[in-house]
Amino acid sequence: MAKSAVLSTSIGVGLATGLYGVSFGALSVSAGLDVWQTQVLSLLMFSGGSQFAFIGIIAASGMGSVAVGAAVVSAWLLGIRNGFYAVRMAPILERVGLQKILPALLTIDESTAVATAQSDKRDQRKGFWFTGLAVFVFWNLATLLGAFLGDAIGDPATWGLDAAAAAAFLGLIWPRLKEGQSLAVAALSMVVAVILTPSLPAGVPVLVAGAVAILFGTFNWLAVKDK
Amino acid sequence: MILDIWTGILLASIAVYSWKLIGFLVPSSVLNRPVVSRSAALLTVALLSALLGIQGFTADSQFVLDARMPALAVGAVLLWMRAPFIVMVAAAAATAAIIRLIVG
């Protein structure tokens, strides 16, 4: 692919991702975080799923130590897939020592997807860097815009922002429901979390659902064959 | 131990970043075992689904069915029609907002 083609793909992906950065910013402020806290999440955590999880638990459970702790652990566990992306990107980028620090930050769904869709190593590297940087810039600008919007509109429920937060999770799950096993885990996790919510400290039911997934993964219940 | 929101934000950011760095540092044979990659993929699905359940069907730690349920149904239809993420989220918000405006 020509340089301009990789670049335009990257900018397109960056813009599309940036759009839902607006919803992150607005939802984060409606969850009770201020504009600075919201912005720091997008700058440093820079991983949509983990960021939505963090503010989702704060929105549902407040800012007590247990809720914040559960938010930290959930965000951390949701970041695990980025580790697998990094494994795929390492041999393409061939970085040594401290040179790994920046590409690690930019290793996310989008940069890995665009990079691995290219056919030669030069384009793969361009795809990674252009997309990673484009998403970083647009995601952060959009977060700021969303945070100010969220600040300005008053009661979030009037505008359906609580429903928007739930819909955001639905949108993040949707592409991952590929077969019976993931569908079963999704349904079971949702039911387990809702049933346990009245009786466990806020945020903890999400972690119990995570344990269910590890059981399914370890014993490969309802499974597809190992490759 | 008191875990305030700023400490939580910084801890969580470091924790999420740590996976990315680990992926660049460990030999690929460790993370590429089927049981590890399968569990990681299912873990992502489970955490997001649990959050969907709590965000969509609870309020103040109780099970609640309200305007969020039809909003999610609209979102699901739009996802099935391959609508972009932002369109789907906005439509879900609008659905809940309109229902609340009418029902009060």
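**F46(A) counts as buried, with 24 C-beta neighbours inside 10 Å.** Here, buried takes 20 or more other C-beta atoms within 10 Å, exposed 12 or fewer, and partly exposed in between, with C-beta atoms placed from the backbone. You're looking at a predicted model: local features need pLDDT of at least 70, side-chain atom pairs count only at pLDDT 80 or more, and totals for chains, interfaces and linings use all residues. Residues are numbered from 1 along each chain as its sequence is written, while chains are lettered from A and ligands numbered from 1 in the order in which they are written. F46(A) sits in the loop that links α2 (35-45) to α3 (48-61) of chain A; elements are DSSP runs numbered from the N terminus, helices being H or I with at least four residues and strands E with at least two. Its phi is near 45 degrees, which is positive even though the residue isn't glycine. Most residues other than glycine have a negative phi.

**F136(A) is a contact partner of F46(A).** F136(A) belongs to helix α8 (residues 121-152) of chain A and is buried, since 20 C-beta neighbours fall inside 10 Å. Leaving aside neighbours within four places in sequence, F136(A) touches F46(A) and L106(A) (contact: C-beta atoms, placed from the backbone, within 7 Å). The C-alpha atoms of F136(A) and L105(A) are 9.5 Å apart, with the two positions 31 residues apart along the chain.

**R82(B) also has a positive phi, near 60 degrees, without being glycine.** This one lies in the loop between α4 and α5 of chain B. R82(B) is exposed because it has 8 other C-beta atoms within 10 Å.

**α4(B) and α5(B), the helices on either side of that loop, pack with their axes 8 Å apart.** The angle is about 150 degrees (axes are lines fitted to C-alpha atoms, for helices over the stretch in contact; angles run from 0 to 180 degrees between N-to-C directions). So α4(B) is roughly antiparallel to α5(B); the label needs over 145 degrees, with under 35 roughly parallel, 65 to 115 roughly perpendicular and the rest oblique. α4(B) passes α5(B) in a right-handed crossing (near helix turned clockwise from the far one by less than a right angle; left-handed if anticlockwise). Residues of α4(B) including A71(B), L72(B), G75(B) and L79(B) meet residues of α5(B), among them M88(B), A92(B), T95(B) and I99(B). By class, this contact has twelve nonpolar, two polar and one charged residues (nonpolar: Ala, Val, Leu, Ile, Met, Phe, Trp, Tyr, Cys and Pro; charged: Asp, Glu, Lys and Arg; polar: the others, Gly among them).

**α9(A) (residues 161-173) packs on α4(B) across the chains, axes 9 Å apart.** The pair sits at an angle of about 35 degrees, with α9(A) passing α4(B) in a right-handed crossing. The α9(A) side is D162(A), A163(A), A166(A), A167(A), L170(A) and G171(A), and the α4(B) side is R68(B), A71(B), L72(B), G75(B), A76(B) and L79(B). Class by class, that's eight nonpolar, two polar and two charged residues.

**α4(A) (residues 65-78) packs against α3(B) at about 140 degrees, axes 9 Å apart.** That angle is why α4(A) counts as oblique to α3(B). The crossing is left-handed here. S74(A), L77(A) and L78(A) of α4(A) face L43(B), T44(B) and L47(B) of α3(B), a mix of four nonpolar, two polar and no charged residues. Back in α4(A), S65(A) is partly exposed, having 14 other C-beta atoms within 10 Å. The C-alpha atoms of S65(A) and D120(A) are 48 Å apart, for 55 residues along the chain.

**L47(B) is one of the residues with the most contacts inside the largest nonpolar core.** A167(A) and A92(B) share that listing, and the core has 107 residues (buried Ala, Val, Leu, Ile, Met, Phe, Trp, Tyr and Cys joined through C-beta atoms within 7 Å). α3(B) provides the largest share of this core, twelve residues. Neighbours within four places in sequence aside, L47(B) contacts A53(A), S74(A), L77(A), L78(A), V206(A), A209(A) and G210(A).

**The interface puts 68 residues of chain B in contact with 83 residues of chain A.** On the chain B side, α1 (5-25), α2 (28-31), α3 (34-57), β2 (62-63), α4 (68-80) and α5 (85-103) each supply at least two residues. α3(B) gives the most, with 22 residues. That side of chain B has 46 nonpolar, 17 polar and five charged residues.

Methods
Contact = placed C-beta atoms within 7 Å.
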